[in-house]
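This briefing sets out selected local features of one protein chain. The sequence and structure are shown below, followed by notes grouped by topic.

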Amino acid sequence: MLAIIVDKEQKKKDIALGTKALILKDGINNITISQIAKAANIGKGTVYEYFKNKDEIVFELVGILMQEHNERKEKQLSLHVSTREKVKSFFGFFYADADRELREIYKQFTAIALSSTNEEMVTFQTECYTLYEKWMENIIEEGIEKNELKSEAKELVMGIFAFAQGTFIMSVTTSAIEDLKQKIDTQIDILFDLMEK
């Protein structure tokens with residue numbers, strides 16, 4: 001009899017994806033490892049072969065969904081001509097319907113990351129931030145090269161990114177922001193009125 005060779009990375013992804021609906025419905029803090037095993041159609045012990053705890057499942061799921069999101073974002077950005085529209089599209093993650101599931105999982109991931117010193121999560125967050133900051137920087141630099149924006153605009157990359165992220169966090173932790181898309185679009189329009197040549 002031949003031994004079955006298991007692709008451990010793929011199995012880990014399959015388990016995380018198998019639990020997505022459960023996590024979206026009940027939240028990671030409200031489910032048990034037994035429920036996770038049942039949702040992923042595996043034994044409880046198998047969960048522990050791949051994940052130390054429930055938080056790591058959310059971490060894995062965010063990574064998978066972020067990769068899918070980045071592929072969609074790349075396509076969306078290519079549809080826009082002006083830098084202003086590219087920046088608005090870039091921040092569509094915070095309100096676009098296509099990213100609803102990722103946003104819900106990301107909220108849970110953020111709560112875990114803020115209360116954890118897990119080095120892998122810190123590294124992941126740093127890599128995500130660096131990737132998105134560089135992406136935004138490239139959009140702004142392209143706008144400068146196309147003579148749409150003043151050269152000083154590149155100094156606002158971190159501020160633009162921090163504003164959108166902060167607005168998103170406020171929208172999910174308070175009732176202070178009713179229409180997130182409108183709020184982000186308005187602020188971007190004001191910034192671009194100042195940055196455009």
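In this predicted model, a polar atom of the Lys150 side chain lies 3.2 Å from the backbone oxygen of Leu194. Lys150 itself is placed in the loop between helix 8 and helix 9. The points below begin with this residue, then turn to helix 9, the largest pocket and Gly18.

**Lys150 and its surroundings**

- Lys150 has a relative accessible area of 36%, and it is classed as partly exposed because this value falls between the 20% limit for buried and the 50% limit for exposed residues.
- Apart from residues up to four places away in sequence, Lys150 touches Ile144, Leu194, Met195, Glu196 and Lys197.
- Ile140 is ten residues from Lys150 in sequence, and the C-alpha atoms of the two are 9.7 Å apart in space.

**Helix 9**

- Helix 9 comprises 17 residues, 157-173. From its first C-alpha to its last it reaches 24 Å, close to the 24 Å expected at 1.5 Å a residue.
- Its buried residues are Val157, Ile160, Phe161, Ala164, Gln165, Thr167, Phe168 and Ser171.
- These buried residues cover an arc of only 155 degrees around the axis, and they therefore lie on the same side of helix 9.
- Exposed residues Met158 and Thr173 are carried on the face of helix 9 turned away from that buried side.
- Four helices receive the packing of the buried residues of helix 9: helix 6 (83-90), helix 7 (100-114), helix 8 (119-145) and helix 10 (180-195).

**The largest pocket**

- The largest pocket holds about 290 Å³ of space.
- Its lining consists of 17 residues. Met66, Tyr106, Tyr132, Phe161 and Gln165 are those that lie nearest the centre of the pocket.
- At least two lining residues come from each of helix 5 (54-78), helix 7, helix 8 and helix 9.
- Helix 8 provides the largest share of the lining, with four residues.
- Phe161 and Gln165 link two of these topics: both are among the buried residues of helix 9, and both are among the lining residues nearest the pocket centre.

**Gly18**

- Gly18 belongs to helix 1, which covers residues 8-18.
- With a relative accessibility of 28%, Gly18 counts as partly exposed.
- Once neighbours within four places in sequence are set aside, Gly18 is in contact with Ala39 and Ala40.
- Gly18 and Ala39 are 21 residues apart along the chain, and their C-alpha atoms are separated by 5.9 Å.

Methods
Residues numbered from 1 in each chain as written. Predicted model: local features only at pLDDT ≥ 70, side-chain atom pairs only at ≥ 80, totals over all residues. Heavy atoms only, no water. Buried < 20%, exposed > 50% of the residue type's maximum accessible area, 1.4 Å probe, protein only. Contact = heavy atoms within 4.5 Å. Expected span 1.5 Å × (residues − 1). Arc of directions from axis to C-beta. Polar contact = N/O pair within 3.5 Å; in protein donor to acceptor, adjacent residues only side chain to side chain. 1 Å grid on protein atoms, 1.4 Å probe; cavity = no way out; pocket = protein on both sides within 12 Å on 5 of 7 lines; lining within 4 Å. Points joined across faces, edges and corners; volume = space filled by probe spheres on them.
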